[in-house]
Amino acid sequence: MLDSLKITRRQSEIRQELATLVGKDTPTDDETRAMSDLDAEYRTNETRFRAALISEDQERKEAGEDLNTRSDQEWAKTLAGFEIRQAALNLDEGKALDGKTAEIVSELRSKGGYRGIPVPLEALEIRAGETLAGGTPDPIRTAPTIERLFANTVGVRMGGTMVNVGTGGMEYPVATSAVTAGWAATETGDVPGTTAYTTLDRPLSPDNTLGVQMKITRKALKQSGEGLETAIRRDMTGAISEALDIATFRGSGSAGEPTGILTGASGWGIAETAVDAKAEWALFRSEMVEFINSNAANGPSDVRVLIRPEVWDTLDGILVGDGGTRFEWDRLVEAVQSVVISNNALAAPTGDPAETTAILTTNAGGVAPYFVGMWGAVDLIRDPYSDAQSGGLRLTALTTADITVSRASQTRVMTGLRA
């Protein structure tokens, strides 16, 4: 029982005893002393009651925080026991799911429709301690978010936010009005008039489906055991990550593919600068100045840069003209928050001379420059017929994704960089 509740009950008892004693016209000496002792105890209890409330308030806050996070913690612990191997055997042999795998599949099916077995995105994460040859798995604690799964993708390293959408669409309202302050011209004069606060909705729509096909041989199903967990998870994660990076930055917006940042730059209002010159630090510095002038960044340390390996090769081969041993690459790395090199997110240089593209992003006010939405879990569907002659199993993993930007001023595109 809480101390404050005990004290409250004791105070009630004291008041009853005092009421009895005070009602006597001629109390005895013992009764008078009892009234004095009870009065002193009552005052002392008042002080104790206030102290107990202060102490228990912190305990209530801690208990509340535990209750608020307990469901996520329990889900994460349950998710750590999800076995993709059980899903594969269920699809191949009809073997019943059991344990935590069965619990998770039942929970996911209650939240949405799946043709096959739903596999949570978090379950695709490569778990520490697992090897192909066996060994004792030691899964790390997996939070119920997508970011941890795709933590090494270019999309996340460039400041984008991965969003897990349950059902339906999602919109991000982005402020587009330019609110300004002004001074009153005279002592009795008015300040400048009101400015309308306007927003623009940036939608994420479940219109684009990404699929991964995997062929599992009969030998792998019978022999691999727990090693199959790592193999499936690694291959599926790699395929989804690669496809998402391509779609995020250079998605065509046609044939079922989302519109990427480069393809949709003009439609979203993202600034594009045709430098048409050999890559050097000065070109990137000029773009960062535009970031700062538009209040999107406080300085170069807020900026992330995405380049091709060929651009790195060029920058790392140009000595700074100060007689030292520093290169243009060193100046770029020292100035910005991070430089991401990818041969997947950006297309290879083309033309003569060969030219490529670079992208600059910044997180303004804690808001990501773009969002990558993914809907629900991965739908794992079985195809026992395509490889029936060899006794194999073909799995198709389907997930839905879309891309949108937040403020166009948080992203800049540089074209015509000569590597």
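**Exercise 1. Which backbone oxygen does the side chain of Thr-361 reach, and at what distance?**

Some ground rules come first. The model is predicted: local features need pLDDT of at least 70, side-chain atom pairs count only at pLDDT 80 or more, and totals for chains, interfaces and linings use all residues. Residues are numbered from 1 along each chain as its sequence is written, and side-chain values use heavy atoms, with hydrogens and water left out.

*Solution.*
- Step 1. Locate Thr-361: strand 9, residues 355–362. Strands (E, at least two residues) and helices (H or I, at least four) are DSSP runs, numbered from the N terminus.
- Step 2. Find the partner. The side chain reaches the backbone oxygen of Met-158 at 2.7 Å.
- Step 3. Check burial. Thr-361 has a relative accessible area of 0%, so it is buried. Buried means under 20%, exposed over 50%, partly exposed in between (1.4 Å probe, protein chains only).
- Step 4. List contacts (heavy atoms within 4.5 Å). Beyond four places in sequence, Thr-361 touches residues including Met-158, Phe-291, Arg-304 and Tyr-370.

**Exercise 2. Place Thr-396 and state its burial**.

*Solution.*
- Step 1. Thr-396 sits in strand 11, residues 393–405.
- Step 2. Its relative accessibility is 18%, so Thr-396 counts as buried.
- Step 3. Neighbours within four places set aside, its contacts are Val-212, Gln-213, Asp-379, Leu-380 and Ile-381.

**Exercise 3. Test the length of helix 1, then find its buried side**.

*Solution.*
- Step 1. Helix 1 runs over residues 3–22, 20 residues in total. The expected span is 1.5 Å times one less than the number of residues.
- Step 2. That gives 28 Å; the end C-alpha atoms are 28 Å apart, which agrees.
- Step 3. Ser-4, Ile-7, Gln-11, Ile-14, Leu-18 and Leu-21 are buried. They cover an arc of only 95° around the axis, so they lie on the same side of helix 1. The arc is taken from the directions from the helix axis to the C-beta atoms.
- Step 4. Gln-16, Ala-19 and Thr-20 are exposed, on the face turned away from the buried side.

**Exercise 4. How many salt bridges does the whole structure hold?**

*Solution.*
- Step 1. Apply the criterion: a side-chain nitrogen of Lys or Arg within 4 Å of a carboxyl oxygen of Asp or Glu.
- Step 2. The search finds 13.
- Step 3. Take one of them: Asp-30 with Arg-33, closest N and O atoms 2.1 Å apart. Both lie in helix 2 (residues 29–79), three residues apart, about one turn. Asp-30 is exposed at 51%; Arg-33 is partly exposed at 48%.
- Step 4. Take another: Arg-326 with Glu-334, 2.8 Å from N to O.

Terms used: A polar contact is a pair of N or O atoms within 3.5 Å; within protein, one must be able to donate a hydrogen and the other to accept it, and residues adjacent in sequence count only if both atoms are side-chain atoms.
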